[in-house]
Amino acid sequence: MEPASVTRFREYLKIKTVHPTPDYEKCAEFLVNQAKEIGLGYQVVECVKGKPIVIMKLEGTDPSLPSILLNSHTDVVPVFRDKWDYDPFAATRVPFDDGKDFKIYARGAQDMKVQGALYMEAFREIKASGKKFPRTVYASFVPDEETVSIGGMDPFSKSQEFRDLNVGFGIDEGSVSADGNTYILPSERATVPVVFTAHGNTGHGSQFIEGTAIEKILPVINELLDLRASELAKLNALPGQRETNLGLVTGVNLTILEGGKQANVVPETFSATFDIRYSPLKDLHEFYEYLENLAAKNGCEIKFLYREEKNISKPVTDDNEFLKVIKSTCIDTGRKPVVTVMSACTDARWLRMKGIQSIGVGAIHDHPEYPHANNEYMIESKYIDGIPFYTMLIERLACVPDTN
Ligand SMILES: CSCC[C@H](NC=O)C(=O)O
Ligand SMILES: [Zn+2]
Ligand SMILES: [Zn+2]
């Protein structure tokens, strides 16, 4: 028998909230129905038309206290359909371990519908128990996290509707952890997607054309790939788990190379796009300058596809009451908490920019990691094990006394 919580998760996974044309309307309808069924208050905010944000409310007994906001994004990244063994939007439940467990294959099974589904299951448990806590707890389900939050947390965090929530603390996306640790993520690397473009002489491929676009861009590519190699060496030299340390170094990936059209035509233009992740422990503006100089000295243009103004890493100290609660919940549910830096980019940064502490934490550990990959799946027993984690976490966060 399929547990009802799994059926609900699979229903959420089947909604095609996939870029570039996510079905946000159907998603909002599903989420609103969940809120009604669970018995929660809810609100739908559209900062950008066609991009609904659904907010669920578990009302506290003391409305004067700042609230807790559990955030998750509803959008998922595109798939290479022919590389998947199952339809990425069928949430196929495939038995393994002699039929004792299942893998649920779907885009978003890890990133990050699992966490949103777990928030709802935890709310369901709490409502069913009839327990009440001092602080109000909201869960926000936002669009567009994967596309720089344009219709989601960026405008929402600047809206009156957001201010009305009086958020005192946030929980956001955690990683699915492939090792035994549960990562607690109070900060993250800055995302620096950058395009270098070179222009040069063109001509017949049989000639020695000089000053070509490719000649100009190659030193840029080589230098950044050298940086990649040295950062990787640093990562490999650090003691401890690779996943723990990933956020501490700078990540570099060459993701798009664009240029020529035919083998015998020297192209006038060539471009290289990099996805760079810059450690919050270093100076971001110095790095921007370094990249600008790298382009200039090689006669290339540079375009930042997204540019944060500063590293937003709100330091958190061990005496932080919310951090203590996250750690104790990990320990009391058999998890091993490890505080580190998030290697990817999350919506937590919008709250941090507002001066609100937001910490990423996920319930899933000891699970193969497939975010943005082919055949993304979630092991059913791992998902079910996440329900008591968020239930306990919500109860405890909602009981943290006012820290102001
Ligand atoms: C800067 S918007 C991109 C956000 C995206 N987040 C998770 O995958 C990421 O690439 O990290
Ligand atoms: Zn995500
Ligand atoms: Zn993602």
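## Sheets, a helix pair and a ligand shell

Strand β2 (residues 53-58) lies antiparallel to strand β6 (residues 137-142), and five bridges hold the pairing together on paper. Within this pair, Lys 57 has Tyr 138 of β6 as its bridge partner. Bear in mind that what we're looking at is a predicted model.

Both strands belong to an open sheet of eight, which runs β1-β2-β6-β3-β7-β16-β8-β15 and mixes its pairing. At the edges sit β1 (41-45) and β15 (336-342), each with a partner on one side only. Going from neighbour to neighbour in this sheet, the strands are turned by 25 degrees on average, direction ignored.

There's also an open sheet of three strands, β4-β5-β17, and here the pairing is antiparallel. Its edge strands are β4 (92-96) and β17 (377-379), which each pair on one side only. The twist from one strand to the next averages 25 degrees. Inside it, β4 meets β5 (residues 101-105) over five antiparallel bridges, and Phe 96 stands opposite Asp 101 in β5.

Then look at strand β9 (residues 190-199), which has two antiparallel partners to talk about. With strand β13 (residues 269-278) it shares 10 bridges, and Thr 191 has Arg 277 of β13 as its bridge partner. With strand β14 (residues 301-304) β9 shares four bridges, and there Val 195 is matched with Lys 303.

Here are the antiparallel pairs side by side:

| Strand pair | Bridges |
|---|---|
| β2 and β6 | five bridges |
| β4 and β5 | five bridges |
| β9 and β13 | 10 bridges |
| β9 and β14 | four bridges |

On to the helices. Two packed helices are described by the angle between their axes and the distance between the axes. For helix α3 (residues 113-129) and helix α11 (residues 380-397), the axes come within 8 Å and cross at roughly 60 degrees. The crossing of α3 past α11 is right-handed. On the α3 side, the contact takes in Val 114, Leu 118, Tyr 119, Glu 121, Ala 122, Glu 125 and Ile 126. Facing them from α11 are Tyr 383, Gly 386, Ile 387, Tyr 390, Thr 391, Ile 394 and Glu 395. Sorted by class, that contact has nine nonpolar, two polar and three charged residues.

A few backbone details are worth a look in the loops. The peptide bond from His 19 to Pro 20 is cis, with omega near 10 degrees, and Pro 20 is in the loop between α1 (4-14) and α2 (24-38). Another cis peptide bond runs from Asp 111 to Met 112, with omega near -15 degrees; Met 112 is in the loop between β5 and α3. His 372 isn't a glycine, yet it has a positive phi of about 65 degrees. You'll find His 372 in the loop between β16 (358-361) and β17.

Zooming out, the domain assignment splits the protein into domain 1 (4-174 + 346-397) and domain 2 (193-304). The centres of the two domains, taken over C-alpha atoms, are separated by 35 Å.

Finally, the ligand. Ligand 1 is surrounded by Glu 145, Glu 146, Val 148, Thr 191, Tyr 306, Ala 344 and Cys 345. Four residues of this shell are nonpolar, one is polar and two are charged. Thr 191 has already turned up above, as the partner of Arg 277 in β13.

Key: Residues are numbered from 1 along each chain as its sequence is written. Chains are lettered from A and ligands numbered from 1 in the order in which they are written. This is a predicted model: local features need pLDDT of at least 70, side-chain atom pairs count only at pLDDT 80 or more; totals for chains, interfaces and linings use all residues. A residue is near a molecule or strand if its C-beta atom, placed from the backbone, lies within 6 Å of it. Ala, Val, Leu, Ile, Met, Phe, Trp, Tyr, Cys and Pro count as nonpolar, Asp, Glu, Lys and Arg as charged, and the others, Gly among them, as polar. Domain bounds come from an automatic or database domain assignment. Two strands pair if DSSP finds at least two bridges between them. Axes are lines fitted to C-alpha atoms, for helices over the stretch in contact, and angles run from 0 to 180 degrees between N-to-C directions. A crossing is left-handed if the near helix is turned anticlockwise from the far one by less than a right angle, and right-handed if clockwise. Two residues are in contact if their C-beta atoms, placed from the backbone, lie within 7 Å.
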